[in-house]
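Let's take a walk through this protein together, going from strand pairing to loops and then to pockets. Keep the 3D view open and rotate it as we go.

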Amino acid sequence: MDTLFFIISILSFVAIFVFVILAIIQFAKKDQEKGKKQIKFVGIAGALMIASFIGFISTTDSDKNSKENNKEKVETVAKPKEETPEEKAAAEQKAKEETEARAKAAEEAKAKAEAERLAKLESLKLSGSGDSVTKKVKLDAGFVIIDATHQGSRNFAVKLLDSNANTLKLVVNEIGNYSGKKIYAIPAGEYLYEVTASGPWTINMSQDIPKDVSPEGKISGKGDSVVFMNISKGAKKVSFTHDGSSNFSVKANDSALLVNEIGAYSGSKVQKVEDTSIYFFDIIADGNWTMAFE
């Protein structure tokens, strides 16, 4: 902007100088009319020069004031108000109290969640003696682990029914004493059990992934069992052994039947694992067994 005003001022000065000379020449030649016209033009040029000069001075003052204001702002930002020792101590105390409040809220939320989990587990515990039909229990969608026991000499059978009394799974069908776990994929809903027994029995359920998830590799156990294993995707060699005399089967995620044999068994096969994830296995056995992924 300063450059524009400067150029206009120079041009106006040159125009005044030229037309003054021309006016003098015209007056010298007695051509007063032309001289008067040129003097008028000189007046206009002079007015432009004065206006340009005034604008230049105004702009310069404005820029100066703007720079001074900006300088004051910078100085204001650069020099924040210093806290007094009392203010600093109060701020630190407030920050400490807020941190403690957040930690307390997190602990309370954790304790509440654990209490709700334990209450739910307690509500999923059933027990009785002899032939019985249990109360209805509400289960979430996903899976349910069924841990059943029986103390008796005759048949022990457990059927899982939906709320309309339709049989969904024959969970257990054994003779005599029994202790074992089964796992099934289920939709959300209400369920109940029809139990055939000759003595005391218990059914404890859970829908939580256990904390002791096995890493990919070899695992062993005895009898009916539930196993959670973290397996990476890809083609896997899966090996099994069983030293019992009855049915030995292994089903993954209640869908893929990996092995189904009678009696003692030792063998391996290839299984394609689609995704790296935690998988659960329902193992039916009456003896010692091993399972290995590699």
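A good place to begin is the pairing of β4 and β9, which run antiparallel to each other over six bridges. To find the register, look for alanine 148, which stands opposite isoleucine 203 in β9. Strand β9 also pairs with β1 (residues 125-129), again in the antiparallel sense, this time over five bridges. Here the match to look for is lysine 125, whose bridge partner in β9 is asparagine 204. Please keep in mind throughout that this is a predicted model.

With those strands located, step back to the whole chain. It holds three helices and 18 strands. Of its 294 residues, 32% count as buried. Take the contacts between residues at least 6 apart in sequence: 73% of them join residues at least 24 apart. The chain exposes about 18,800 Å², and carbon and sulfur atoms supply 57% of that area.

Now move along to another group of strands. Five of them form an open sheet with mixed pairing, in the order β10-β12-β17-β14-β15. Which strands stand at the edges? They are β10 (214-215) and β15 (256-262), and each has a single partner strand, so one side of each is left without a neighbour in the sheet. While you are looking at strands, one general point may help with reading the side chains: in a regular strand they alternate between the two faces of the sheet.

The β15 edge deserves a closer view. Strand β14 (residues 247-252) pairs with β15 in the antiparallel sense over six bridges. Two of the matched positions make handy landmarks. Serine 249 stands opposite asparagine 260 in β15, and alanine 252 has alanine 256 as its bridge partner in β15.

What happens in the turn of this hairpin? Three residues lie between strands β14 and β15, and one of them, asparagine 253, takes a positive phi near 50°. Aspartate 254, in the loop between β14 and β15, also has a positive phi, about 55°, although it is not a glycine. Is aspartate 254 buried or exposed? Its relative accessibility is 18%, so aspartate 254 counts as buried, the cut-off for that class being under 20%.

For another backbone angle of this kind, go to alanine 165, in the loop between β5 (155-162) and β6. Its phi is near 70°, a positive value in a residue other than glycine. Alanine 165 has a relative accessibility of 53% and therefore counts as exposed, since that class begins over 50%.

One more loop is worth a stop. Aspartate 286 is found between β17 (277-284) and β18 (288-293). With a relative accessible area of 36%, aspartate 286 is partly exposed. Which residues does aspartate 286 touch, not counting those up to four places away in sequence? They are His242, Gly244, Ser245, Ser246 and Asn247. The C-alpha atom of aspartate 286 is separated by 8.2 Å from that of aspartate 243, a residue 43 places away along the chain.

Aspartate 286 also leads us to the empty spaces in the model. In general, rolling a probe the size of a water molecule over the atoms shows where empty space is left. Aspartate 286 is among the residues that line the second largest pocket, which has a volume of about 210 Å³. Ser246 and Asn247 belong to this lining too, along with others including Glu174, Tyr178 and Asp224. The elements giving two or more residues to the lining of the second largest pocket are β6 (167-175) and β7 (178-186). By class, this lining has four nonpolar, five polar and three charged residues.

Finally, turn to the largest pocket, with a volume of about 400 Å³. It is lined by 19 residues, and the closest to its centre are Ile145, Lys181, Asp208, Pro210 and Asp212. Which elements each supply at least two residues of the lining of the largest pocket? They are α3 (85-123), β4 (142-150), β9 (200-206) and β12 (225-231). The lining of the largest pocket divides into ten nonpolar, three polar and six charged residues. And that brings us back to where the tour began: β4 and β9, the antiparallel pair with six bridges, both contribute to the lining of the largest pocket.

Key. Residues numbered from 1 in each chain as written. Predicted model: local features only at pLDDT ≥ 70, side-chain atom pairs only at ≥ 80, totals over all residues. Heavy atoms only, no water. 1 Å grid on protein atoms, 1.4 Å probe; cavity = no way out; pocket = protein on both sides within 12 Å on 5 of 7 lines; lining within 4 Å. Points joined across faces, edges and corners; volume = space filled by probe spheres on them. Helix = DSSP H or I, 4+ residues; strand = E, 2+ residues; numbered from the N terminus. Nonpolar A, V, L, I, M, F, W, Y, C, P; charged D, E, K, R; others polar. Pairing = 2+ DSSP bridges. Buried < 20%, exposed > 50% of the residue type's maximum accessible area, 1.4 Å probe, protein only. Contact = heavy atoms within 4.5 Å. Areas by Shrake-Rupley, 256 points an atom, 1.4 Å probe, with all protein chains shown as cover.
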